[in-house]
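User: Hi! I'm new to reading protein structures, and I'd like to understand how the descriptive words are earned. Could you take me through some of them?

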Amino acid sequence: MGHYEILLVDDEELALAGMENGVDWEGLGIRKIHKADSMGNAVRILERHTIDIMVSDIEMPGGSGLELIRWVKENYPEIISIFYTCHAEFAYCQDAIRLGATDYVLKPIPYGELEEIIRKGLFSAQRQKDAKNLEHIWGELTKEPKGESPVETVKRIIAENISVELSREELAGQVYMSPDYLTKLFKKETGMSLSEYIIQKRIALAKQLLAATDLSIVEISQRAGFSYSSYFVRIFKKKTEMTPQQYREEKRR
């Protein structure tokens with residue numbers, strides 16, 4: 001799990017202190033805890049910091065938790081919101097879920113249970129981040145230039161199909177060439193063989209996924225087009241002189 005920032009919102013100082021001291025934040029991967037005692041202060045923190053998850057009471061001075069979550073949904077829809085409140089009314093719960101809250105927790109709750117709810121919220125937040133990073137990476141890989149040459153076409157096809165097996169014959173057929181002629185042309189224009197180029201691109205994608213997501217090594221090997229994770233680890237180490245896990249840890253220091 002990554003390193004996250006959380007915002008705790010409650011106008012009761014004891015409630016904030018209880019959460020801050022009662023929850024194992026380090027175990028959850030929380031690197032920074034922000035606290036606010038009103039909607040106004042919460043908004044200021046949200047505008048100045050990259051908050052991943054918010055735990056908020058409902059009744060507060062200067063605006064309710066429902067108003068706060070509505071503002072968050074409109075301005076920072078990627079933030080996971082959890083209500084932590086003494087109000088058990090079903091109408092409150094309905095409004096909270098409708099406005100985008102992922103959970104509605106009633107006070108008092110054992111901190112261990114609250115940790116599990118926050119952990120689920122963080123998992124959801126990380127999945128959202130991973131999906132956005134994958135979308136960005138994929139978009140970078142599949143940009144299509146105008147008036148492309150046969151070799152550029154082959155490069156684009158490789159980028160668009162990086163997760164699947166690609167044969168020399170299939171690629172040659174896409175540009176109406178014999179496999180031998182394409183191989184020679186590709187080597188002449190790029191300085192490397194087709195297979196070397198494909199491996200290079202797959203390793204490049206794997207590096208991006210290792211650095212930008214929390215996907216497992218097995219998932220990354222599959223997304224980068226390697227049939228077996230053991231083969232992926234071996235090739236990655238050969239090309240980078242470190243294992244995928246070592247590369248991930250190096251990038252996150």
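**How the words are earned**

Analyst: Happy to! One aromatic cluster is formed by Phe226, Tyr231, Phe232, Phe236 and Tyr247. Keep in mind that this is a predicted model.

User: How many aromatic pairs does a search of the whole structure find?

Analyst: The search finds six. One of them joins tryptophan 71 and tyrosine 76, with ring centres 5.7 Å apart and planes at 50 degrees.

User: Why is that pair of tryptophan 71 and tyrosine 76 called tilted?

Analyst: Two rings pair if their centres lie within 6.5 Å, and planes under 30 degrees apart count as stacked, over 60 as edge-to-face and the rest as tilted. The centres here are 5.7 Å apart and the planes are at 50 degrees, so this pair is tilted.

User: And what makes the pair of phenylalanine 186 and tyrosine 197 edge-to-face?

Analyst: The planes of phenylalanine 186 and tyrosine 197 are 75 degrees apart, with 5.2 Å from centre to centre. Because the cut-off for edge-to-face is over 60 degrees, the label fits. Phenylalanine 186 sits in helix H9 and tyrosine 197 in helix H10, so the pair ties together parts eleven residues apart in sequence. Both phenylalanine 186 and tyrosine 197 are buried.

User: How do you know whether tryptophan 71 and tyrosine 76 are buried or partly exposed?

Analyst: Buried means under 20% relative accessible area, exposed means over 50%, and partly exposed is in between. Tryptophan 71 has 18%, so tryptophan 71 is buried. Tyrosine 76 has 23%, so tyrosine 76 is partly exposed.

User: Which word, buried or exposed, suits leucine 210?

Analyst: Leucine 210, found in helix H10, has a relative accessible area of 0% and is therefore buried. Leaving out residues up to four places away in sequence, leucine 210 touches Ile217, Ile220, Phe236, Pro244, Tyr247, Arg248 and Arg252. Leucine 210 and arginine 252 are 42 residues apart along the chain, yet their C-alpha atoms are separated by 9.6 Å.

User: Why are helices H7 and H9 called roughly perpendicular?

Analyst: H7 and H9 pack at an angle of about 95 degrees, with their axes 10 Å apart. Angles of 65 to 115 degrees count as roughly perpendicular, so H7 is roughly perpendicular to H9. On the H7 side the contact is made by Pro150, Val151, Val154 and Lys155, and on the H9 side by Leu182, Leu185, Phe186, Glu189 and Thr190.

User: What makes the buried residues of H12 line one face of the helix?

Analyst: Those buried residues are Phe232, Ile235, Phe236 and Thr240. Seen down the axis of H12, they fall within an arc of 110 degrees, so they line one face. The face turned away from the buried side carries the exposed residues Ser230, Arg234 and Lys238. The buried residues of H12 pack against helices H10, H11 and H13.

User: How do you know that the span of H12 agrees with what is expected?

Analyst: The expected span is 1.5 Å times one less than the number of residues. For the twelve residues of H12 that should be 16 Å, and the end C-alpha atoms are 16 Å apart, so the two agree.

User: Finally, which word, buried or exposed, suits tyrosine 176 and glutamate 241?

Analyst: Exposed means over 50%. Tyrosine 176 has 77%, so tyrosine 176 is exposed. Glutamate 241 has 72%, so glutamate 241 is exposed too. Tyrosine 176 lies in the loop between H8 and H9, and glutamate 241 in the loop between H12 and H13. Phi is positive at both residues, near 55 degrees for tyrosine 176 and near 65 degrees for glutamate 241.

Methods: Residues numbered from 1 in each chain as written. Predicted model: local features only at pLDDT ≥ 70, side-chain atom pairs only at ≥ 80, totals over all residues. Heavy atoms only, no water. Helix = DSSP H or I, 4+ residues; strand = E, 2+ residues; numbered from the N terminus. Buried < 20%, exposed > 50% of the residue type's maximum accessible area, 1.4 Å probe, protein only. Arc of directions from axis to C-beta. Contact = heavy atoms within 4.5 Å. Axes fitted to C-alpha atoms, helices over the stretch in contact; angles between N-to-C directions. Parallel < 35°, antiparallel > 145°, perpendicular 65-115°, else oblique.
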